[in-house]
Amino acid sequence: MADQTTPPRGLSRPGKWARGAVGVAALFLASEILGRAGIVDRSYLPPASSITARAVELFGDTDFLFNVRVTLTAWALGLLIAIAIAVPLGLLLGSVPAVNTAVRAIVEFLRPIPSVALIPLAGLLLGSGLSMEVPLIVYASCWPILFNTMYGLNDVDPTAKETLRTFGFSRIQILLRVSLPSAAPFIATGVRLAASIALILAVGTEILSGFGDGLGMFIAQAGTVPDGTVDVLAGTVWAGCIGLIIDSVLVQGENRAFRWHKAQRSGAS
Amino acid sequence: MTTAALPARSVRTARPGAVAFRLVRGLLHRLLPLAILVACWEAATRAADSPFFPPPTEIVQRMREMWFSGPASHLFFSSGAGEDIVPSLYRMALGLLVSVVIGVALGLWLGRSERVLAYLNPLLQFARVIPPPTMVPVFIVLFEMGTQMQVASIVFGAVWPVLLNTADGARAVDSTQMATAEVFRLSPYQRIRYLIIPSALPKIFAGLRLALSLSLILMIFAELLPGTSDGLGFQLTNAQSMSDLLTIWSVIVLLGILGYLFNTILLAVERRVLSWHRGARRA
């Protein structure tokens with residue numbers, strides 16, 4: 001009935017794609033016109049076409065690819081360590097209420113400290129490069145994983161836990177057989193959030209560190225050169241593409257691995 | 001279930017002494033571990049006597065010297081607070097305000113018009129995934145150094161969660177309610193004011209919370225870059241160049257306290273504004 005009363009809404013998939021393409025084309029055209037007509041100084045804000053051309057050109061540049069690899073190494077290392085720390089910690093805090101209340105105040109105190117404020121301290125303590133970048137990434141990306149793990153454990157079906165308990169399973173076994181699998185989708189969401197935070201921190205510390213390698217370093221150095229705006233923006237486009245690829249790979253992975261979770265959800269509600 | 005709930009309630013109303021006892025015990029359980037940790041940290045740092053890890057008491061003392069040693073007429077804020085804290089908070093507040101205004105206005109529009117959303121979606125998705133710090137060098141070139149560049153950086157980072165969440169919330173307005181509004185001939189303004197905004201509000205607040213922590217991060221980040229002459233981030237770089245670790249620790253602790261305060265305030269506002277929502281949910 002609702003279908004009859006509401007006017008037909010919702011665009012088809014090709015319709016959405018076409019409109020999206022039109023939107024992108026319009027932006028390109030606008031920046032082209034602004035640049036060529038001299039309304040905007042081209043050395044300040046180069047037209048989108050030359051940024052894209054430069055971004056494609058950088059793909060063949062071995063120096064640039066090395067920088068990207070350095071950033072991605074720091075990102076992956078930091079994220080992996082964060083997962084290794086935050087998931088067990090989240091399981092502990094989420095399943096033992098006494099520990100949770102005790103640690104809560106410490107966590108509430110540490111969490112609001114903005115991670116970039118730690119960059120100067122880390123610079124003095126740990127020098128520069130990976131040894132300084134990775135701990136910062138770990139610190140920043142632990143939080144979403146930790147909180148999502150705890151949240152996921154809250155959401156576990158108590159009947160399933162009770163059932164295993166009556167069959168004589170130990171707490172650890174219940175945790176591993178019931179709680180962990182049913183919290184897994186939440187943990188995955190936390191990891192996805194952490195992945196984008198880790199990228200922000202990786203590029204951010206590189207921009208601030210002043211010397212070394214990495215995508216952020218490339219951007220920061222290009223910013224100091226006259227006429228370097230094209231490089232800055234091309235580097236930014238790359239950072240965006242990397243972010244987009246990471247995000248969509250993780251979303252796809254989540255959808256595939258936890259199809260049962262979504263199915264369960266829609267069945268329940 | 002009722003039998004279990006009844007005694008609990010009667011205890012709460014009938015014996016305030018027991019309630020106070022439980023409250024104190026709860027507080028102790030909450031705060032004691034933190035106190036013990038700080039005490040241990042104090043002992044360890046005093047024993048180690050490392051210049052990199054000053055003891056907490058010294059950090060607190062430095063914080064007092066720098067920012068809170070002023071006269072009572074200024075609420076004990078010293079002139080240092082005016083140079084460090086005020087500019088930073090001003091930038092952050094301005095950046096956050098601009099991103100909320102832009103994000104909510106644009107988000108409502110995009111959420112209600114599927115066509116416009118389809119045109120802009122690829123651009124929005126791309127802008128969202130660009131790590132905000134990478135845009136700061138761009139803004140350094142484009143804008144004037146100082147507050148203008150910093151506010152632009154904050155807005156670029158903080159606007160996306162507000163915008164996308166608002167659009168999400170505005171899109172999910174109940175179609176029966178929209179139809180009812182049409183039947184009663186509500187004007188577009190009335191529809192937005194009394195129907196769309198209220199039902200998008202929980203989502204908007206979710207976006208706001210993200211935007212708040214992002215704007216704090218970007219405020220510091222933009223101030224850490226050259227071209228700044230005041231603010232907490234500048235204080236950090238300044239202290240770093242002089243290897244003044246006590247000041248660095250003080251600024252970090254202050255930022256933690258500020259972050260906690262902002263979050264608490266936002267949560268309180270959210271609870272007030274959305275109390276009707278939770279009530280409706282429960283019923």
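This passage describes the confidence of a predicted two-chain model, the interface between chain A and chain B, the salt bridges, and selected residues of chain B.

The predicted model has an ipTM of 0.80 and a pTM of 0.83. For chain B, the mean pLDDT is 83, and 89% of the residues reach at least 70. Confidence within chain B is lowest in helix H1 (residues 2–14), where the mean is 45. The highest value in chain B belongs to helix H11 (residues 245–273), with a mean of 91. Over residues 1–12 of chain B, pLDDT stays under 50, and the model has 4 contacts beyond four places in sequence for this segment. Where pLDDT is low, predicted coordinates should not be read in detail.

The interface between the chains brings 52 residues of chain A into contact with 48 residues of chain B. About 4,500 Å² is buried between chain A and chain B, and carbon and sulfur atoms give 80% of this area. Between the two chains, 3 residue pairs are in polar contact, with both residues at pLDDT 80 or more. The number of salt bridges between chain A and chain B is 1. In that salt bridge, Arg128(B) pairs with Asp247(A), with an N to O distance of 3.6 Å. On the side of chain A that touches chain B, two or more residues come from each of helices H2 (13–36), H5 (97–110), H6 (119–126), H9 (171–209), H10 (215–224) and H11 (229–257) of chain A. Among these, H11(A) gives the most, with 11 residues. By residue class, the side of chain A that touches chain B consists of 32 nonpolar, 13 polar and 7 charged residues.

Over all chains, the whole structure contains 14 salt bridges. Side chains of opposite charge can pair when their charged atoms come close. In chain A, Arg54(A), Glu57(A) and Asp231(A) are linked in a network of salt bridges. The closest N and O atoms of Arg54(A) and Glu57(A) are 2.7 Å apart. Both residues of this pair, Arg54(A) and Glu57(A), lie in helix H3 (residues 48–58) of chain A, where a separation of 3 residues places them about one turn of the helix apart. Glu57(A) counts as exposed because its relative accessibility is 52%, above the 50% cut-off. The salt bridge between Asp231(A) and Arg54(A) has its closest N and O atoms 2.4 Å apart. This second pair links distant parts of the chain, with Asp231(A) in helix H11 of chain A and Arg54(A) in helix H3 of chain A, 177 residues apart.

In chain B, the side chains of Asp168(B) and Lys203(B) form a salt bridge with an N to O distance of 3.4 Å. Asp168(B) belongs to helix H7 (residues 147–171) of chain B and Lys203(B) to helix H9 (residues 188–224) of chain B, so this salt bridge ties together parts that are 35 residues apart in sequence. Asp168(B) is partly exposed, with a relative accessible area of 33%. Lys203(B) also counts as partly exposed, at 36% relative accessibility.

Arg91(B) is located in helix H4 (residues 79–112) of chain B. With a relative accessibility of 5%, Arg91(B) counts as buried, the cut-off for which is under 20%. Beyond its neighbours within four places in sequence, Arg91(B) contacts Thr147(B), Gln150(B), Val151(B), Ile154(B), Glu223(B), Thr228(B), Asp230(B) and Gly231(B).

Two loop residues of chain B were examined for backbone geometry. Most residues other than glycine have a negative phi. Arg185(B), which is not a glycine, has a positive phi of about 55°. Arg185(B) is placed in the loop between helix H8 (175–183) and H9 of chain B, and is exposed, with a relative accessible area of 74%. Ser243(B) likewise has a positive phi, near 50°. The loop that holds Ser243(B) runs between helix H10 (232–241) and H11 of chain B. At 46% relative accessibility, Ser243(B) is classed as partly exposed.

Notes
Residues are numbered from 1 along each chain as its sequence is written. Chains are lettered from A and ligands numbered from 1 in the order in which they are written. Side-chain values use heavy atoms; hydrogens and water are left out. pLDDT is the predictor's confidence in each residue, from 0 to 100. Helices (H or I, at least four residues) and strands (E, at least two) are DSSP runs, numbered from the N terminus. Contact means heavy atoms within 4.5 Å. Buried area is the accessible area (1.4 Å probe) that two parts lose on being put together, summed over both. A salt bridge is a side-chain nitrogen of Lys or Arg within 4 Å of a carboxyl oxygen of Asp or Glu. A polar contact is a pair of N or O atoms within 3.5 Å; within protein, one must be able to donate a hydrogen and the other to accept it, and residues adjacent in sequence count only if both atoms are side-chain atoms. Ala, Val, Leu, Ile, Met, Phe, Trp, Tyr, Cys and Pro count as nonpolar, Asp, Glu, Lys and Arg as charged, and the others, Gly among them, as polar. Buried means under 20% relative accessible area, exposed over 50%, partly exposed in between (1.4 Å probe, protein chains only).
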